[in-house]
Amino acid sequence: NSTSKLAAVPWRQVGTIAGTVITFILGSMLIALVYFDTETGRGQLTRIINENLKDEESEILISKIEGSLFSEIKLPLITLTDRSGKWLEFYNTKINWSPGQLFNGLLSASNINVEKISILRKPESKLGLETENDQAFKMPEMPIDLDIEKFDIGEIEVSESIANTPSEFHSNGAVKLTKTDGLEVKMNLVNSEGKGDEINIDLSYPENGGEFNAEINIHAPQDGLFVVLSGINPQDSVVAKFDGGGLINNWSGKFRAQVGEEEFAVATVKNVDSTFSLHADFNANEFLPENIAPILGASNALDLNISPSLKPDISDVNMVFAGGIMKLSAEGEIITSEFLSPYKVNFSLELIDAAPINQLITPTYLKPFSLDGSVEVENQKPKILLNLDKFDVGFADNIVLSLTGELETLIDGQIIRHKSTGIIQNINGTAFNAVKELFEDEVTWSTALNFDLRTDTLDVDQLRIANDYFEINSNGDLNIDNGATNAVLLANIADIKSL
């Protein structure tokens, strides 16, 4: 009350109004909680939740809410669906929680128990269905703190549509993600049928910037689900382990993997002074099919470095992969805030030995070649440029030719746009013997294609080959699903005497 302005404020009246408003809000919330804890209220709450958990492409459906909202909630059935129907079901989920902690910004549960999870099939991917305004993937941020002291999933049933044979797992653990304690995760996933599939995860990172410790162990038997889902073909069981620790700005970890008793992969990971580096050596012969393994060979090395850039939210990247028959190099810039999305990266590929590839594609064959290109993202639209320099290809003794050209592919939301131009030279082979004179000069080619992911339709705006003697143009459309085709082919002969 030291000034006339403060003295003029009716503090008693303000306090009375504020107290009345606060009491009304708290009373309304209490009445709402009591109402929702009745059978009628729980039914209304179920309808509200279901209405907010669906869109045009997917839906999460809760059958009903049982039990008490103040202690233990029971959800008999939770179903996840997509455009083709249901693909995931949770049976008899029980949640022991403290709803009062929500007022402190904390979702706290002493125990979450799920009797059974049934994975019926793989969900449909939404790839290509995003709009042009969709943002690139970012790591999710929790709106509230999370503290689950214990969770237990009695049975995880994986149907035969996911893998060759059905499998059953169980899982338990604990998860904490809070502003005061940071991150703590301990969990395991174990095959219930004695096949040996198992994953153990132990992560901890305190909020005060202490050491980040991680330990992940994986055991994948040769005939287990993990191997089937990975698509590899090991000669024995696979055991992999990753462990690391230290302050984030001076962190290191190591990965080791072996097939049976034979170690086939070793990798070291470091993050020092905001520079991330990875070095890996691996033997592809241990886990790839016999006909594909020679493409990579027994000795492969990967080096990756990501360091800060002078540009905000941009990092410099440099990568070199050296295999038995090829070398791939890449350097450029990536957007670190958007899950390592490429900003602009230039790359080059050199095929040193074509024999292993030719064994797979015979009677077609390639000769050693080199190419370069770039990947660039602008306005959420990735663009891939590729430059071919003397790409020699043949088919037995029938066709031999050399390609030189430029190819450009733009991913524009739901449409993939492709165009290319180039020259075909050194055309030989028995298939051209009768018309060899027509192909003594180089032949130019160009294409312009659009592929619509929504309708699986390929639109050909231009498909052209020409030289001094002839010109062939084509355009049309093709439906990949049913094969329906509409096309126009125009052929012009400029020098009919030569023909």
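The questions below ask why certain features of this predicted model carry the labels they do.

Q: How confident is the predictor in the protein as a whole, and where does pLDDT stay under 50?
A: The average pLDDT is 83, and 87% of the residues score at least 70. Residues 1-7 stay under 50, and the model has four contacts for them beyond four places in sequence. Residues 127-140 also stay under 50, with 21 such contacts.

Q: Why is Ser 167 called buried?
A: Its relative accessible area is 3%. Buried means under 20%, so Ser 167 falls in that class.

Q: What does Ser 167 touch, and where is it found?
A: Ser 167 is found in strand β7, residues 167-178. Leaving out residues up to four places away in sequence, Ser 167 touches Ile 156, Glu 157, Val 158, Asn 191, Glu 193, Lys 195 and Leu 225.

Q: How do you know that β19 and β21 pair?
A: Three bridges join β19 (residues 364-366) to β21 (residues 381-395). Pairing needs at least two bridges, so these strands count as paired. They run antiparallel, and Leu 366 has Val 393 of β21 as its bridge partner.

Q: What makes β20 and β21 a pair, and what lies between them?
A: Nine bridges connect β20 (residues 369-378) with β21 in the antiparallel sense, where at least two are needed. Val 375 has Ile 384 of β21 as its bridge partner. The two strands form a hairpin with two residues between them, and Asn 379 in the turn has a positive phi of about 55°.

Q: How many bridges join β21 to β22, and which residue of the hairpin takes a positive phi?
A: β21 and β22 (residues 399-412) pair in the antiparallel sense over 11 bridges. Leu 388 stands opposite Gly 405 in β22. Three residues lie between the strands of this hairpin, and Ala 396 takes a positive phi near 50°.

Q: Why does the contact of Lys 64 with Glu 66 count as a salt bridge?
A: The closest N and O atoms are 3.4 Å apart. The limit is 4 Å, so the pair qualifies. It is one of 15 salt bridges found in a search of the whole structure.

Q: Why are Lys 64 and Glu 66 called partly exposed?
A: The relative accessibility of Lys 64 is 42%, and that of Glu 66 is 30%. Partly exposed is the class between buried, under 20%, and exposed, over 50%, so both residues belong to it.

Q: What makes Arg 121 and Asp 82 a salt bridge, and where do the two residues lie?
A: Their closest N and O atoms are 2.6 Å apart, set against a limit of 4 Å. The pair links distant parts of the chain, 39 residues apart: Arg 121 lies in the loop between β5 and β6, and Asp 82 in strand β3. Both Arg 121 and Asp 82 are buried.

Q: Why is it said that Asp 145 and Lys 179 tie parts of the chain together?
A: The two form a salt bridge, with the closest N and O atoms 3.4 Å apart. Asp 145 is in strand β6 and Lys 179 in the loop between β7 and β8, so the salt bridge ties together parts 34 residues apart in sequence.

Q: Which of these two residues is buried and which exposed?
A: Asp 145 has 13% relative accessibility; the cut-off is 20%, so Asp 145 counts as buried. Lys 179 has 57%, which is over 50%, so Lys 179 counts as exposed.

Q: What makes the aromatic pair of Phe 282 and Phe 321 stacked?
A: The ring centres are 6.2 Å apart and the planes differ by 20°. The limits are 6.5 Å for pairing and under 30 degrees for stacked, so both conditions are met. Phe 282 is in strand β14 and Phe 321 in strand β16, 39 residues apart. Both are buried.

Q: Why is the pair of Phe 432 and Phe 439 called edge-to-face?
A: The angle between the planes is 70°, and over 60 degrees counts as edge-to-face, so the label follows. The rings are 5.1 Å centre to centre, and both residues are buried.

Q: How do you know that the charge of Lys 116 comes within the distance limit for the ring of Tyr 91?
A: The charged end of Lys 116 sits over that ring, 5.8 Å from its centre, and the limit is 6 Å.

Technical notes: Residues numbered from 1 in each chain as written. Predicted model: local features only at pLDDT ≥ 70, side-chain atom pairs only at ≥ 80, totals over all residues. Heavy atoms only, no water. Helix = DSSP H or I, 4+ residues; strand = E, 2+ residues; numbered from the N terminus. Buried < 20%, exposed > 50% of the residue type's maximum accessible area, 1.4 Å probe, protein only. Contact = heavy atoms within 4.5 Å. Salt bridge = Lys/Arg side-chain N within 4 Å of Asp/Glu carboxyl O. pLDDT = per-residue confidence, 0-100. Phe/Tyr/Trp six-rings, centres within 6.5 Å; stacked < 30°, edge-to-face > 60°. Lys NZ or Arg CZ within 6 Å of the ring centre and 35° of its normal.
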